[in-house]
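Trainee: I should like to understand how the descriptive terms applied to a model are justified. May we examine the reasoning behind them?

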Amino acid sequence: MSGISRIAQKREAVRNPVERSTNQEVWFKDGDQAFLSPVATGNEDDTKLDEIYMYTFKNSDNRWTNRFVDDAVDNTDVPSNIRPSHKFAFWAYVHEIVHPEKRNDSWEELAGPGGRKVFKENVNDFRIIALTFGRSDYIWNQVVDVYNDWGGLDKGVLRVKRTGTGMYDTSYTIAATARASEIPDDKLAAIDDLPSIKGYFLERYGNPASSNGTVSLDGTSSDTKSELF
């Protein structure tokens, strides 16, 4: 529960924003599958997993814009007919992302199922996975199943895969794997320094002047709504 001091600090942060952090979210495209080790536990006191609300709309420059919904953020310029999307997000150590198409020269070509070519992007760093809850919460329920099976989300490696290209034909599967990949020892100390989910989204999408446009999964800027929240 926020007290006077905490709210005042948040308001001051919006009036005097610090330099934006680099984009640390994974933006999935059709056929992409990420292998990752959640650092969020899923427990009640875990701030590395949270729900978020986000407006997506075109600003005065006709660019798609993400705007975080929070008491500390001025959203008076959001069109009245726009409703915020509702997502959950969590921090994870992403080992790699396997793509069906090569969109970056640095990605490694591999032989996929049936000899089909796939392309591996070695990430090996902390990223945020943000997903909708899905119809009847089917995506969220997959996370809950893993949590119940493992006794915590940070007990192994997950595979997250997107299938589909549009708003109505896209689905996600989240499954536990038998993979034993671990977070490197030299990265473990950085976990405590990761901001809370809401802290990250407040910093990155809380300032109207800095929230126009996004960064896609392959690191390029994007103005298409399909890349946004």
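The following exchange sets values from this predicted model against the definitions of the terms used.

Mentor: Let us begin with the overall picture. The protein chain has four helices and ten strands, and their order along the sequence is α-β-β-β-β-β-β-α-β-β-α-α-β-β.

Trainee: What confidence does the predictor attach to the protein chain?

Mentor: The average pLDDT is 86, and 81% of the residues score at least 70. Two stretches deserve caution. Residues 16–20 stay under 50, and the model gives them ten contacts beyond four places in sequence. Residues 210–224 also have a pLDDT below 50, with 45 contacts beyond near neighbours in sequence.

Trainee: How much of the protein chain is buried?

Mentor: Of its 229 residues, 42% count as buried. The accessible surface comes to about 12600 Å², and carbon and sulfur atoms contribute 46% of that surface. As for contacts between residues at least 6 apart in sequence, 73% join residues at least 24 apart.

Trainee: Why is L49 called buried or exposed?

Mentor: The term buried requires a relative accessible area under 20%. L49 has a relative accessibility of 15%, and therefore counts as buried.

Trainee: Where does L49 lie, and which residues are in contact with L49?

Mentor: L49 is in strand β2, which covers residues 49–58. Beyond its neighbours within four places in sequence, its contacts are A40, A89, F90, W140, L153 and I197. In addition, the C-alpha atoms of L49 and F88 are separated by 7.3 Å, although these residues are 39 places apart along the chain.

Trainee: What makes the pairing of R67 and D77 a salt bridge?

Mentor: Side chains of opposite charge can pair when their charged atoms come close. The cut-off is 4 Å between a side-chain nitrogen of Lys or Arg and a carboxyl oxygen of Asp or Glu. For R67 and D77 the closest N and O atoms are 2.8 Å apart, and the pair is a salt bridge. The pair links distant parts of the chain, with R67 in strand β3 (residues 64–68) and D77 in the loop between β3 and β4, ten residues apart.

Trainee: Why do R67 and D77 receive their accessibility labels?

Mentor: R67 has a relative accessible area of 2% and is therefore buried. D77, at 44%, counts as partly exposed, because that term covers values between 20% and 50%.

Trainee: How do you know that K120 and E108 also form a salt bridge?

Mentor: Their closest N and O atoms are 3.8 Å apart, and the limit is 4 Å. K120 belongs to strand β6 (residues 117–132) and E108 to strand β5 (residues 108–111), twelve residues apart. With a relative accessibility of 36%, E108 counts as partly exposed.

Trainee: What links D125, R127 and K187?

Mentor: A network of salt bridges links these residues. Within it, the side chains of D125 and R127 meet at 3.6 Å, N to O. D125 counts as partly exposed at 27% relative accessibility, and R127 does so at 23%. The structure holds eight salt bridges.

Trainee: What makes W91 and Y200 an edge-to-face pair?

Mentor: A pair of aromatic rings is described by the distance of the centres and the angle of the planes. Centres must lie within 6.5 Å, and planes over 60 degrees apart count as edge-to-face. The structure holds nine aromatic pairs. In that of W91 and Y200, the centres are 6.0 Å apart and the planes meet at 75°, which is edge-to-face. W91 lies in strand β4 and Y200 in helix α4 (residues 197–205), so the pair ties together parts 109 residues apart in sequence. Both W91 and Y200 are buried.

Trainee: Why is the pair of Y93 and F126 described as it is?

Mentor: The ring centres of Y93 and F126 are 5.3 Å apart and the planes stand at 75°, so this pair is edge-to-face. Y93 is in strand β4 and F126 in strand β6, 33 residues apart. Both Y93 and F126 are buried.

Trainee: Which residues do ring pairs link into a cluster?

Mentor: The cluster consists of F68, W91, Y200, F201 and Y205, linked by ring pairs.

Technical notes: Residues are numbered from 1 along each chain as its sequence is written. This is a predicted model: local features need pLDDT of at least 70, side-chain atom pairs count only at pLDDT 80 or more; totals for chains, interfaces and linings use all residues. Side-chain values use heavy atoms; hydrogens and water are left out. Helices (H or I, at least four residues) and strands (E, at least two) are DSSP runs, numbered from the N terminus. Buried means under 20% relative accessible area, exposed over 50%, partly exposed in between (1.4 Å probe, protein chains only). Contact means heavy atoms within 4.5 Å. Accessible areas come from the Shrake-Rupley method with a 1.4 Å probe; for residues, only the protein chains shown count as cover. pLDDT is the predictor's confidence in each residue, from 0 to 100. Rings of Phe, Tyr and Trp (its six-membered ring) pair if their centres lie within 6.5 Å; planes under 30 degrees apart count as stacked, over 60 as edge-to-face and the rest as tilted.
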